[in-house]
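This report describes selected parts of one protein model for a reader who has not seen it before. The topics are its nonpolar cores, its disulfides and one strand pairing.

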Amino acid sequence: MRPPPIPQEVHCDQCVDPPGKHVFTDARGAFEIANIVPGTYWLVIQKGTFRLEQEIVVGEYATIDLPPEQTTLPSEHDPANGKWVPRIAIASGFWDQIEDILGKMGLGEVDASGTFVPASAAGVFDVYSNGGAIDHVAIAPLETLFNMTDMRMMNYHIIFIPCSQQTFSGGAGLAGAPPETLTAIREFVKAGGKLYVTDWSGEWADNIFPEQITLKGDTDTPASAWDPTTETWNTALFGDADGFSTTEAQHARAVDEGLNQWLDGQRGPLVQGGGSYAEGTIDADNFAIEGKFDFIERLTTVQVGMDDEGLPVFDEPKAWVIGDEDGTPATCTGTGDGCSPFTVTFEPAGCGRVLYSTYHTADNPHVGLVPQERVLLYLIMEIGVCKSGPIVE
C-alpha cells in the first residue's frame, strides 16, 4: 500500500513502526529485504521528510538488484512521481553560504566554482533576506518569516539561519524583536519544526532556548533569561553569540557512531587552511574544519515537562561533532582537555529539534564537499527523523 502523503507544513511526526516488511539501512545506505511473496509492492525509502516511492514487481525466486537511481533519495519535489523533499526556508547568510551545499545536493544548482546559482532557488526553497549573498532572490525580509499573525513559518519543515550580519530588527537582533517573534520561533519548534543555526547566528538557538547550550564568554545567553513558568524572556540578558576570532580547528571528530561510519573513508576535498583544499580521504576521527568562530562551554540536560504518568521528561543535548579549541590535543576522544562540542542538537518541549553548529557550513566557494559540508548533508536528513519518546506540550 502506498503511504499517505507527507503533510506540506510543519507537523509532528511521532515514531511508529511502518506497515508491512521494513528494514533499516546500514551506515552507507545499503539494505536487503528477504523472503518476499511474489507480487507488486510499493517500495518506500525514507529519511526524515525525504522520501522515494516506487512500485516494484517481485517474481518467484527472484533477486532484484536496484540501481542507484532507484535507491537514491530525491533532490526534487515531485509527489506525483513518488519524490518528496522537505519544505525549506533559508535566511540568506553573509558569511555562511549554506545554499552552496544545498546546490551540491541537487537542491538548486552550483556553477563551476561550487557557488550557488541564485536563480535556481525558485521552486526549490524560499529565501528570506538577512544581509546575505542571495538577498536579491529573497521572497521577503526575515522579519516576515516569524510572526504570530500569518504564521508563515508553519509552512516549512526546516528553517536555516546561517551565520550573517545582524540585520534582523534593524540590526538589534532578537533582543530588539517583539515578544511575539520570540514566541513564534518557539512555537515553530514545538509544532515539529527543525531549526538549523550556525556560528554567529547562534542567538537564534541560545536566546530562544538558553538552557541547553552555554557558549563560552560573554556572548552567551544565561538560562535565567527564560522563565518557564510565565514563558517569557528577559531580553536584557540576551547574548549575541558573536564569539571569537578563531577560524579553524585542526582536530574534529564525528562522535555519533552512524555519522562516523558514514563519513569515514569518503574521498573529497579536505580543508588545508587559509581557504585552500586538497583531495584526500576523510578520517572521521580527525579532520580539519574552517570558519569556526564560536565555542560551546557546556551542554546541560533540561527538564522540559512531565509525561502522561506524571514523570519528568528530560532533554539531553546530543553532540555530533567535537573538536579542539586551540590546535591541541592532536586528537579528541571526548569533551574536556581542550576539546568541546562543535555540532549539537537538542529537543525542547514539543515535537521539533534545534541544531546549532559553531562553524560555518560553506565557508569558501570550492568544488566538491569538504567534511563539514558532508556532516550537514547527513544532519539535514537526521534532524528530520521522527520524534521518539514522550511529547511534552
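The largest nonpolar core of this predicted model has 47 residues. Those with the most contacts inside this core are Phe 125, Phe 160, Leu 259, Leu 263, Val 321 and Ile 380. Helix H5, which spans residues 371-382, supplies the largest share of the core, with 6 residues.

Val 321 can serve as an example of the surroundings in this core. Leaving aside neighbours within four places in sequence, Val 321 is in contact with Ala 252, Arg 253, Ala 254, Val 255 and Leu 259, among others. Its further contacts include Phe 287, Ile 289, Pro 341, Phe 342, Thr 343, Tyr 359 and Val 375. Leu 259 is thus a contact of Val 321, and both residues are listed among those with the most contacts inside the core.

Apart from this core lies another, of 39 residues. Among its members are Tyr 128, Ile 161, Leu 182 and Val 189.

**Disulfides**

The count of disulfides comes to 3. With bonded cysteines counted along the chain, they follow the pattern 1-5, 2-6, 3-4. The table lists the pairs with their sulfur distances and the angles about the S-S bond.

| Pair | S to S distance | Angle about the S-S bond | Handedness |
|---|---|---|---|
| Cys 12 and Cys 351 | 2.1 Å | 70° | right-handed |
| Cys 15 and Cys 386 | 2.0 Å | 95° | right-handed |
| Cys 332 and Cys 339 | 1.9 Å | -80° | left-handed |

Where do the partners Cys 12 and Cys 351 lie in the chain? Cys 12 is in the segment before strand S1 (39-47), and Cys 351 is in the loop between strand S20 (339-346) and strand S21 (353-357). The pair links distant parts of the chain, 339 residues apart. Cys 12 counts as partly exposed, because its relative accessibility is 39%. Cys 351, with a relative accessible area of 4%, is buried, as the cut-off for that class is under 20%.

The pair of Cys 15 and Cys 386 also joins separated stretches of the chain. Cys 15 lies in the segment before S1 and Cys 386 in the segment after H5, so this disulfide ties together parts that are 371 residues apart in sequence. Are these two cysteines buried or exposed? Cys 15 is partly exposed, with a relative accessible area of 33%, and Cys 386 is partly exposed at 25%.

In the remaining pair, Cys 332 and Cys 339 are both buried. The link of Cys 332 and Cys 339 is left-handed, while that of Cys 12 and Cys 351 is right-handed.

Another cysteine, Cys 163, is buried as well, with a relative accessible area of 1%.

**Strands S13 and S14**

Strand S13 covers residues 267-273 and is mostly covered, since 5 of its 7 residues are buried. Its partner is strand S14, made of residues 276-281. How do the two strands pair, and over how many bridges? S13 and S14 pair in the antiparallel sense over 6 bridges. Within this pairing, Pro 269 stands opposite Glu 279 in S14.

The two strands form a hairpin with 2 residues between them. Gly 274, in the turn, has a positive phi of about 65°.

Conventions. Residues are numbered from 1 along each chain as its sequence is written. This is a predicted model: local features need pLDDT of at least 70, side-chain atom pairs count only at pLDDT 80 or more; totals for chains, interfaces and linings use all residues. Side-chain values use heavy atoms; hydrogens and water are left out. A nonpolar core is a set of buried Ala, Val, Leu, Ile, Met, Phe, Trp, Tyr and Cys residues joined through side-chain atoms within 4.5 Å. Buried means under 20% relative accessible area, exposed over 50%, partly exposed in between (1.4 Å probe, protein chains only). Helices (H or I, at least four residues) and strands (E, at least two) are DSSP runs, numbered from the N terminus. Contact means heavy atoms within 4.5 Å. A disulfide is a pair of cysteine sulfur atoms within 2.5 Å. Two strands pair if DSSP finds at least two bridges between them.
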